[in-house]
Each structure stands twice: as C-alpha cells, then as structure tokens.
Amino acid sequence: MASDGLPEAVEPEEKSSLKYVFTCAIVASMSSIVLGYDIGVMSGASLYIQKDLKITDVQLEIVVGILSIYSLIGSFAAGRMSDWIGRRFTVVFAAAFFFAGALLMGFAGGYVMLMFGRLVSGIGVGFAVVIAPVYTAEISPASARGFLTSLPEIFINLGILLGYVSNYAFARLPLHLGWRFMLGIGAAPSVLLAVLVFYMPESPRWLIMKGRLEEARTVLEKISGTQEEAAERLADIRTAACIPSDLDGDVVVVPRKRGGEEKQVWRELIVSPTPAVRRILLTALGIVFFQQATGSDSVVLYSPRVFESAGIHGDDQLLAVTCAVGVTKTLFVLVATLLLDRVGRRPLLLSSTGGMIVSLIGLATGLAIVGKNPDAETPWAGILCVVSVLAYVSFFSIGLGPVAAVYTTEILPLRVRSLGFSVAVACNRVASGVVSMTFLSLCSAITIGGTFFLYAGITVIAWVFFFTCLPETRGRTLEEMGSLFGMTDTGMQAKDASHSTRTDGCRATLLASSPGV
C-alpha cells in the first residue's frame with residue numbers, strides 16, 4: 001500500500017519544487033528585461049533625442065550602439081564578482097547600475113551626461129547577460145534546464161516590447177520631456193528586481209564552492225524533486241568543486257586551484273590549441289559574430305527610421321508598427337524554446353537564416369524602390385517593407401537568435417568553457433556595437449536599401465558557414481560533441497556528462513544573447 005502511494009506523494013513534491021525553481025528563474029531573468037528595454041526604447045527615443053539635443057547622425061548612432069561596447073566591462077567583471085559575493089548579490093549589483101544609469105539618462109541635460117548614463121547602464125547590462133543564465137542554470141533540475149535557461153532570451157524580447165510600448169506611451173509629451181521619461185522609467189524594474197532578489201536562494205553551486213555545505217544542502221532540497229535527487233546533485237557538485245567525499249560538516253575548507261591552471265587554459269584555447277579546439281573556437285566565434293553581423297540590431301534599434309524610409313509617416317504610425325515588431329519577436333522566441341529540443345539546432349538555424357536572406361532582400365528591394373521614387377505612390381513597396389521586417393524578426397527569433405547561445409554553450413569543452421564564453425561574449429558585443437554604430441553612416445554612403453542588401457549578402461555567407469561548419473548537437477553527450485569536431489582528448493571533457501558538466505555547460509546561455517536580441 002505504501003509503495004502504491006509513493007508516486008502520489010512524490011509527484012506533488014516534484015511539482016512544488018519545479019514551481020519554486022521556475023519562480024526563482026523568472027526573478028533572475030528579470031535582469032534581462034532591462035537590456036531588452038534599453039534596446040527597444042532607444043529605437044523610438046533616438047528620434048526625439050536627435051531633435052532635442054540637435055546632434056548629428058554620427059553622434060546618434062554612437063549613443064545608440066555604444067551600450068554594447070560598454071557592456072564588455074560588466075561582462076568581464078561579472079564572473080569574478082559573482083564568485084566573490086555570490087550569484088544573488090551580483091544581481092543586486094546589476095540592478096544598482098541599471099537604476100543609476102536610467103536616472104542619469106532621464107535627467108541628462110546634454111550629450112555628455114547622456115553618454116555617461118549609457119556607460120553606467122552598459123556595465124549593468126554586462127553583469128545581467130552573464131549572471132541571469134548562470135544563476136538559472138545552477139538552480140535548474142536537468143529535466144527543466146533547457147526551458148529555464150532560455151528564460152533570459154524570452155525576457156530580453158519582452159523588454160524590447162516594453163520599450164516599444166514606452167515609446168508609444170510617452171511620445172505625446174513635450175519634446176524635452178518625452179525621451180527623458182522613456183529612458184528614466186527604466187529605473188522602475190531595477191527597484192523591483194533588487195527587492196525580489198532577496199527572496200531567492202543563493203546558488204547551491206556557489207555555496208559549495210565556498211564550503212558552505214549545509215546551506216547548499218538546504219537549497220538543493222528545496223529545488224530538487226526528491227531527497228535522493230538533492231543528495232545526487234550535492235555529490236556531483238562537490239566532485240566538481242574538488243571537495244573530497246570524506247570531508248564533511250556544515251562548513252568546510254575548499255582546496256584551492258593551482259595557480260598555473262588559468263595560464264594553461266589560455267594556452268589550450270588561444271595560444272596553441274589543437275586542431276579540434278581551434279575548430280570549436282572558430283565555430284563558436286562564427287555563430288555569435290553572424291548573429292549580430294546579419295543586421296538584427298539595426299532592424300530593432302532603427303525600425304522607426306526604416307519604416308519612415310518605407311513611406312510610413314507620423315510618430316503614432318511609426319511607433320505602432322514598431323510595437324508590432326516587438327510583439328512578433330516575443331511570440332516567435334517563445335515558439336523557439338519549444339522547438340529547440342524537438343527539431344534540433346541545425347534545422348532551425350539553417351531555415352531561420354534562409355528566411356532572413358529572403359526577408360532582407362525583400363526589405364532592401366522595397367526600400368530601394370521607395371527611395372528611387374520618393375514622390376510616386378508605391379504603397380505596395382511600403383507594405384513589402386513592413387512584411388519583410390516582421391518576417392525577418394520572426395525568422396531571427398525562431399532560430400539564429402536563441403540557437404547561437406545554446407550551441408555555443410554546448411560545444412565548448414569543459415576545461416576551456418569559461419574563457420571560451422568570455423571570448424564569445426566579447427566578439428558578440430563588439431559586433432553588435434559596430435553594426436549599431438555604423439548603420440546611419442552606411443545609409444548615407446550606400447542608401448538604406450543598399451545597407452540591407454549588404455546585410456543580405458552577409459547572411460548568405462552566414463548560411464554557407466552554418467551549413468559547412470556546424471554539425472547537429474541535439475541529444476548528444478559532451479563526449480560525442482567533442483568527437484563531432486575531431487576531438488580525441490577526453491581529458492578536456494567532463495567525467496560525468498549526464499549531469500555535472502551540463503550544469504556547468506549552461507553557465508551562460510549565454511552571456512549573449514543576446515541578445516542577439
């Protein structure tokens with residue numbers, strides 16, 4: 001009788017723990033909303049900033065795109081900061097930067113103060129894109145980790161949508177107030193995040209790294225479905241942290257790593273990598289580079305200007321169509337989370353990139369026709385532009401956007417994973433900044449239609465790269481992924497790929513994200 005009742009007793013416990021983990025993951029992922037909000041709100045606010053501050057196109061594209069470059073500071077600092085003060089308080093740290101940056105931008109009296117506000121916010125963004133997926137991965141059970149670690153990407157897109165809505169809501173205010181309210185209101189989510197984070201548990205992995213075993217055991221019992229699962233996860237993390245099994249107690253001293261280990265990792269990944277590791281690194285850098293180089297940030301950040309070039313006039317109409325872009329992105333990234341483990345990375349990536357090529361060609365053609373016949377009535381060309389933009393963000397959000405983060409997470413060997421992520425994030429953010437800060441200049445040099453034809457050409461190169469260089473990774477263990485790239489050195493792989501390595505493997509789904517927005 002007892003055995004018959006056991007499943008009934010365990011199932012509610014599993015559901016309760018999963019609900020608790022889901023709540024914690026949502027709170028941690030809220031930090032990603034601020035990144036998305038900044039991207040979305042700047043698309044509309046930039047129209048009014050340029051009019052109010054009377055700045056040039058070059059100054060405008062710098063203030064719009066510089067956030068990605070500034071975020072490098074936070075990204076590189078976040079790893080050490082989270083290891084020092086913990087994952088939870090690093091989220092508070094990010095929220096403080098968001099809050100200060102939003103207020104500085106909201107009260108900016110001129111271009112210099114606005115740029116300083118962008119610097120402060122950018123550092124906060126760098127912290128957020130690292131710590132949200134790290135924390136989520138470290139508290140998630142294996143059964144739900146794929147979905148939960150995609151939450152930051154979902155929240156980025158939700159933030160973009162909220163930014164678009166904010167543009168629409170404050171557009172009717174006087175010129176000198178509208179854009180300041182759009183940017184300043186971004187401080188509100190930061191306050192909510194800083195309050196809610198105190199209801200989150202600390203990451204059990206960080207607690208074990210600090211030797212606080214009893215606290216880690218308590219947290220694991222809350223976030224695991226059964227006591228047996230909690231004990232298994234505790235043992236796996238202890239092994240990864242190099243804590244001997246015979247060393248027990250509420251608080252223990254964790255053995256320190258050898259000082260030369262970090263130099264060895266640099267040598268294995270950057271200085272003298274094996275052919276297999278070199279191929280893995282180039283694959284990771286290629287996918288995160290093309291995620292940005294295909295023009296995603298230009299479409300999102302400058303969508304009102306794109307629609308204006310397509311013949312849509314009036315702030316209300318421009319911002320309303322831009323809101324449609326935000327809704328489309330959010331819906332399709334939700335669809336992507338359901339398809340990643342069912343369809344596979346490679347089919348999604350190739351079909352997504354192929355759709356982006358067609359969409360960019362359609363957009364470029366429509367803009368070129370409107371540009372050559374500015375006085376002629378060509379409503380079909382304007383409709384083509386709107387449909388192409390919506391198609392582009394749909395294809396991007398269902399494939400290249402989320403897949404880049406997941407794929408990079410999976411292929412890097414455990415031993416060089418942390419450094420590999422840092423290099424990938426730097427590549428992604430620099431590419432994002434360059435694209436954002438050159439769009440208006442490119443439009444002046446080769447027309448806006450020519451700019452999107454250029455992005456279409458880059459996307460064709462990306463499709464060829466993905467087709468020839470990226471094998472399918474769905475359902476494969478870490479060892480099998482290494483063999484896909486010709487790796488034979490099992491010492492660089494995890495000993496327990498089924499659990500502990502996957503916990504580390506999602507450590508930054510990714511620092512990107514990017515956002516690739």
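This is a short tour of the structure, one selection at a time.

**Whole chain**

Start with everything shown. This is a predicted model. The protein has 22 helices and 0 strands, so colour by helix number if your viewer allows. Of its 517 residues, 57% count as buried. Now think about contacts between residues at least 6 apart in sequence: 82% of them join residues at least 24 apart. Switch on the surface. The accessible area comes to about 20,800 Å². Carbon and sulfur atoms account for 67% of that area.

**Stop 1: Lys54**

Select residues 2-53 for helix 1 and 57-85 for helix 2. Lys54 is in the loop between them. Is Lys54 buried or exposed? Its relative accessibility is 69%, and the cut-off for exposed is over 50%, so Lys54 counts as exposed. Check its backbone too. Phi of Lys54 is near 55°, a positive value in a residue other than glycine.

**Stop 2: Thr90**

Move on to helix 3, residues 87-106, and pick out Thr90. Thr90 has a relative accessible area of 0%, so it is buried. Which residues does Thr90 touch, leaving aside those up to four places away in sequence? Show Met81, Ser82, Ile85, Phe127 and Ile131. Then draw a distance from the C-alpha of Thr90 to that of Gly79; it should read 9.5 Å. The two residues are 11 apart in sequence.

**Stop 3: helix 6 and its partners**

Two packed helices are described by the angle between their axes and the distance between the axes. Use both values here.

Select helix 6, residues 151-170, and helix 7, residues 175-184. Their axes come within 9 Å and cross at roughly 150°. Angles over 145 degrees count as roughly antiparallel, so helix 6 and helix 7 are roughly antiparallel to each other. On the helix 6 side, the contact is made by Ser166, Asn167 and Phe170. On the helix 7 side, show Gly178, Phe181 and Met182. The crossing of helix 6 with helix 7 is right-handed.

Keep helix 6 and add helix 16, residues 315-343. This pair packs at an angle of about 165°, with the axes 9 Å apart. Helix 6 is therefore roughly antiparallel to helix 16. Here helix 6 passes helix 16 in a left-handed crossing.

**Stop 4: helix 18**

Select residues 379-398. Helix 18 has 20 residues. From its first C-alpha to its last it reaches 29 Å, close to the 28 Å expected at 1.5 Å a residue. Now colour its buried residues. They are Ala381, Gly382, Cys385, Val386, Ser388, Val389, Tyr392, Val393, Ser394, Phe396, Ser397 and Ile398. While you look down the axis, remember the general pattern. An α-helix has 3.6 residues a turn, so residues three or four places apart point the same way.

**Stop 5: helix 20**

Finish with residues 417-469, which form helix 20. Two threonines are worth a click. Thr447 lies in this helix. Its phi is positive, about 75°, although Thr447 is not a glycine.

Thr459 is also found in helix 20. Where does its 0% relative accessibility place Thr459, buried or exposed? Buried means under 20%, so Thr459 counts as buried. Show what Thr459 touches, not counting residues up to four places away in sequence: Thr294, Thr353, Met356, Ile357 and Leu360.

Notes: Residues are numbered from 1 along each chain as its sequence is written. This is a predicted model: local features need pLDDT of at least 70, side-chain atom pairs count only at pLDDT 80 or more; totals for chains, interfaces and linings use all residues. Side-chain values use heavy atoms; hydrogens and water are left out. Helices (H or I, at least four residues) and strands (E, at least two) are DSSP runs, numbered from the N terminus. Buried means under 20% relative accessible area, exposed over 50%, partly exposed in between (1.4 Å probe, protein chains only). Contact means heavy atoms within 4.5 Å. Accessible areas come from the Shrake-Rupley method with a 1.4 Å probe; for residues, only the protein chains shown count as cover. The expected span of a helix is 1.5 Å times one less than its number of residues. Axes are lines fitted to C-alpha atoms, for helices over the stretch in contact, and angles run from 0 to 180 degrees between N-to-C directions. Angles under 35 degrees count as roughly parallel, over 145 as roughly antiparallel, 65 to 115 as roughly perpendicular and the rest as oblique. A crossing is left-handed if the near helix is turned anticlockwise from the far one by less than a right angle, and right-handed if clockwise.
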